[in-house]
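This briefing covers one helix and a set of charged side-chain contacts. Please look at the sequence and the coordinates first.

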Amino acid sequence: MADLKDFAEQLVNLTVKEVNELAEILKEEYGIEPAAAAVAVAGGAAGGGEEADEQTEFDVILTAAGGSKLAVVKLVKELTGAGLKDAKGLVDNAPSPIKEGVAKDEAEAVKAQLEEAGAEVELK
């Protein structure tokens, strides 16, 4: 039981870079999609930590593709580094997280790019 508590504490204290590396390992070695892994780790971190006064990490959520779906799919592919099929899946299954745990500046830049392409986006 103590080992599980130690493991949970390690997960809660991961940096964004470490979460991304973990997501990549889970995808390549175990076939678990990074978005699901990041949500699981972020969910654990949100439940175990103290609430901060100011939000420092944001999630960019695609709420709708808008009128120019093809342009949005291409942009999502570019922003996420995902394959065309995965990018199309994210757009088709909106609302979908496009970027998770990013700094405010990056989140706003990604939001602006997606909105320029015609998508509807929100930051959480």
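How many salt bridges does the structure hold? The structure holds five salt bridges, a salt bridge being a side-chain nitrogen of Lys or Arg within 4 Å of a carboxyl oxygen of Asp or Glu. This is a predicted model, in which local features need pLDDT of at least 70 and side-chain atom pairs count only at pLDDT 80 or more, while totals for chains, interfaces and linings use all residues. Residues are numbered from 1 along each chain as its sequence is written, and side-chain values use heavy atoms, with hydrogens and water left out.

**Helix α2**

- Helix α2 covers residues 16-30; helices here are DSSP runs of H or I with at least four residues, numbered from the N terminus.
- The 15 residues of α2 should span 21 Å, and the end C-alpha atoms are 20 Å apart, which agrees. The expected span is 1.5 Å times one less than the number of residues.
- Val19, Ala23 and Leu26 of α2 are buried, where buried means under 20% relative accessible area, exposed over 50% and partly exposed in between (1.4 Å probe, protein chains only).
- These buried residues cover an arc of only 65 degrees around the axis, which puts them on the same side of α2; the arc is that of the directions from the helix axis to the C-beta atoms.
- An α-helix has 3.6 residues a turn, so residues three or four places apart point the same way.
- Lys17, Glu28 and Glu29 are exposed on the other side of α2.
- Gly31, just after α2, takes a positive phi of about 75 degrees.

**Salt bridges within helices**

- In helix α5 (residues 84-92), Lys88 and Asp92 lie four residues apart, about one turn of the helix. The closest N and O atoms of their salt bridge are 2.6 Å apart.
- Lys88 is partly exposed at 40% relative accessible area, and Asp92 is partly exposed at 36%.
- In helix α6 (residues 104-116), Lys111 and Glu115 are four residues apart, separated by about one helical turn. Their salt bridge has its closest N and O atoms 3.9 Å apart.
- Lys111 is partly exposed at 24% relative accessibility, and Glu115 is partly exposed at 39%.

**Another pair and a network**

- Glu122 forms a salt bridge with Lys124, with the closest N and O atoms 3.4 Å apart.
- Glu122 counts as partly exposed at 32% relative accessibility, whereas Lys124 counts as exposed at 53%.
- Lys69, Lys88 and Asp92 are joined into one network by salt bridges that share partners.

Notes. Helix = DSSP H or I, 4+ residues; strand = E, 2+ residues; numbered from the N terminus.
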